[in-house]
Amino acid sequence: KSNGRIYTDRMVKLAKLLKFLEDLKHPCLGPHIRCLKFLGILHPDTKSIRIRLKLAFIYFTILFFISQYIKCLIHFNVESLKLILQYAPFHMGVVKTCFFQKDHKNWERLINFISTVELREISKKDKQQDGIINA
């Protein structure tokens, strides 16, 4: 294959991926919402078995990290502390997930508000705003 053909194939695959990530109800936040739903963090339907399993996994992970911190505090070991600090960015993600779960309804309202405002602005068909939105 020529380089141009490979480049075109990759662009088509990328375009399909981006199309999959779009969400017409949430244009700006679509990829983020898809990711949060896929991971089970954003869960509009808590009655679904799949969502309950994802939430159970999240809670199990949180308990695991808490147990590691408690273990490090009880049996202070420099190596354990190094390990915790080495994975600190991942631990911060767990903390953020906890707060997202705690304030889930507030986040859902914020997401819906942002999307409502965005859709209202897009529907106005103002050329100046369209230029800003589509930039």
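Two residues are in contact when they have heavy atoms within 4.5 Å of each other. With that rule in hand, residues 24 or more positions apart account for 49% of the contacts in the chain with a separation of 6 or more. The model is predicted, so that local features need pLDDT of at least 70 and side-chain atom pairs count only at pLDDT 80 or more, while totals for chains, interfaces and linings use all residues. Residues are numbered from 1 along each chain as its sequence is written, and side-chain values use heavy atoms, with hydrogens and water left out.

**The whole chain**

Begin with the chain as a cartoon, where seven helices and zero strands are found and the elements from the N terminus on run α-α-α-α-α-α-α; helices (H or I, at least four residues) and strands (E, at least two) are DSSP runs, numbered from the N terminus. Switch to the C-alpha trace, which spans about 65 × 45 × 35 Å along its principal axes. The radius of gyration of the chain is 21 Å, whereas a compact globule of 135 residues would have one near 14 Å; the value is taken over C-alpha atoms, and the globule rule is 2.2 Å times the number of residues to the power 0.38.

Next, show the surface. The accessible surface of the chain comes to about 11,000 Å², and 67% of it belongs to carbon and sulfur atoms; such areas come from the Shrake-Rupley method with a 1.4 Å probe, and for residues only the protein chains shown count as cover. Of the 135 residues, 21% count as buried, where buried means under 20% relative accessible area, exposed over 50%, and partly exposed in between (1.4 Å probe, protein chains only).

Colouring by charge brings up 23 positive and 11 negative charges, whose mean positions are 6 Å apart. Here Lys and Arg count as positive and Asp and Glu as negative, while His and the chain ends are not counted, and each charge is placed at NZ of Lys, CZ of Arg, CG of Asp or CD of Glu.

**Salt bridges**

How many salt bridges does the rule give? The count comes to five, a salt bridge being a side-chain nitrogen of Lys or Arg within 4 Å of a carboxyl oxygen of Asp or Glu. Select K102 and D103, whose side chains meet in one of them at 2.9 Å, N to O; K102 is exposed, with 58% relative accessibility, whereas D103 is partly exposed at 24%.

Move on to K105 and E108, which both lie in helix α6 (residues 104–123), three residues apart, or about one turn of the helix. Their salt bridge has its closest N and O atoms 3.8 Å apart, and it joins residues of unlike cover, since K105 counts as exposed at 57% relative accessibility and E108 as partly exposed at 22%. Then select E121 and K124, a further salt-bridged pair with its closest N and O atoms 3.2 Å apart.

**Two buried residues**

Stay in helix α6 and select S115, which counts as buried at 2% relative accessibility. Leaving out residues up to four places away in sequence, S115 touches K25, H26 and L29.

From there, go to I33 in helix α2 (residues 30–39). Is I33 buried or exposed? I33 is buried, with a relative accessible area of 3%, and, its neighbours within four places in sequence aside, I33 is in contact with D23, H26, L42 and I111. To set I33 against another part of the chain, add Q86, 53 residues away along the chain, and the two C-alpha atoms turn out to be separated by 29 Å.

**Two distances to draw**

Select C98 in helix α5 (residues 88–102), a partly exposed residue with a relative accessible area of 28%. Draw a line from its C-alpha to that of I62: the two residues are 36 apart in sequence and 7.8 Å apart in space.

Finish at D126, in the loop between α6 and α7 (127–133), which is partly exposed at 32% relative accessible area. A line drawn from D126 to L81, 45 residues away along the chain, covers 55 Å between the C-alpha atoms.
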